[in-house]
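User: Please go through this structure with me in plain terms. I would like to ask about it step by step.

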Amino acid sequence: MASNWKFEPVALDDLSDISASYRVASRDDRKRILVVSFSGVYRPGSAGNTDAAFMCGASAAGINAFSPDAVIFDFSKLKYVWGDMLEVLYDTAPKFIKSETERFAVVVGPECEEAIRTLELGENSNEPLSTIPWAHRSIESACRYLEEHAL
């Protein structure tokens with residue numbers, strides 16, 4: 001009996017025009033932080049769901065390949081104005097087994113800072129970005145946060 005299955009080639013890049021790149025920071029005690037940098041435009045609302053799927057896949061691939069102790073999601077070159085699915089990305093970060101401590105930080109840029117702030121604190125919030133412990137404006141600040149709270 002012939003199979004009715006039809007196979008199509010697919011690639012993560014088919015999901016989004018966003019691009020991802022990786023850097024690993026390490027120190028003498030062998031602790032490693034993976035920086036996953038995203039650049040491009042995250043489409044607003046549900047149109048961005050496949051952008052989030054791409055970002056999750058790219059992040060998971062980097063985490064599996066490089067086995068970091070913590071992750072920095074670098075959005076400094078990402079244009080993001082709205083879309084709830086972006087938060088799913090944070091679930092790809094490594095977890096402590098016996099602790100609730102987050103093992104990720106996010107670096108925001110000028111084209112996503114306000115959207116990240118309102119995504120996390122609420123659309124009508126007046127609280128500043130600094131009230132989100134893992135949100136930072138530089139890689140250096142994100143590394144210090146992870147060093148103090150997650151490593």
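The questions and answers below cover the fold, the cysteines and some salt bridges.

Analyst: This is a predicted model, in which local features need pLDDT of at least 70 and side-chain atom pairs count only at pLDDT 80 or more, while totals for chains, interfaces and linings use all residues. Residues are numbered from 1 along each chain as its sequence is written, and side-chain values use heavy atoms, with hydrogens and water left out.

User: In what pattern do the helices and strands follow each other along the sequence?

Analyst: Helices (H or I, at least four residues) and strands (E, at least two) are DSSP runs, numbered from the N terminus. The chain has three helices and five strands. Read along the sequence, the pattern is β-β-α-β-β-α-β-α.

User: What share of the residues in the chain is buried?

Analyst: Buried means under 20% relative accessible area, exposed over 50%, and partly exposed in between (1.4 Å probe, protein chains only). The chain has 151 residues, and the buried share of them is 40%.

User: How many disulfides does the structure hold, and why is C143 not bonded to C112?

Analyst: A disulfide is a pair of cysteine sulfur atoms within 2.5 Å. A search of the whole structure finds zero disulfides. For C112, the nearest cysteine sulfur is that of C56, 16 Å away. C143 is not bonded to C112 because its sulfur is too far from that closest cysteine sulfur, at 17 Å.

User: Are C112 and C143 buried or partly exposed?

Analyst: C112 has a relative accessibility of 1%, so C112 counts as buried. C143 has 22%, so C143 counts as partly exposed.

User: Which residue forms a salt bridge with D51?

Analyst: A salt bridge is a side-chain nitrogen of Lys or Arg within 4 Å of a carboxyl oxygen of Asp or Glu. D51 is buried at 0% relative accessibility, whereas its partner is partly exposed at 33%. With 2.8 Å from N to O, the partner of D51 is R43.

User: How many residues apart in sequence are the parts that E113 and R137 tie together?

Analyst: E113 and R137 form a salt bridge, with their closest N and O atoms 2.6 Å apart. E113 lies in helix α2 (residues 113-121) and R137 in the loop between β5 (135-136) and α3 (139-149), so the parts they tie together are apart in sequence by 24 residues.

User: Which residues are linked with R27 in a network of salt bridges?

Analyst: One bridge pairs R27 with D29, with the closest N and O atoms 2.9 Å apart. The residues linked with R27 in the network are D29 and E147.
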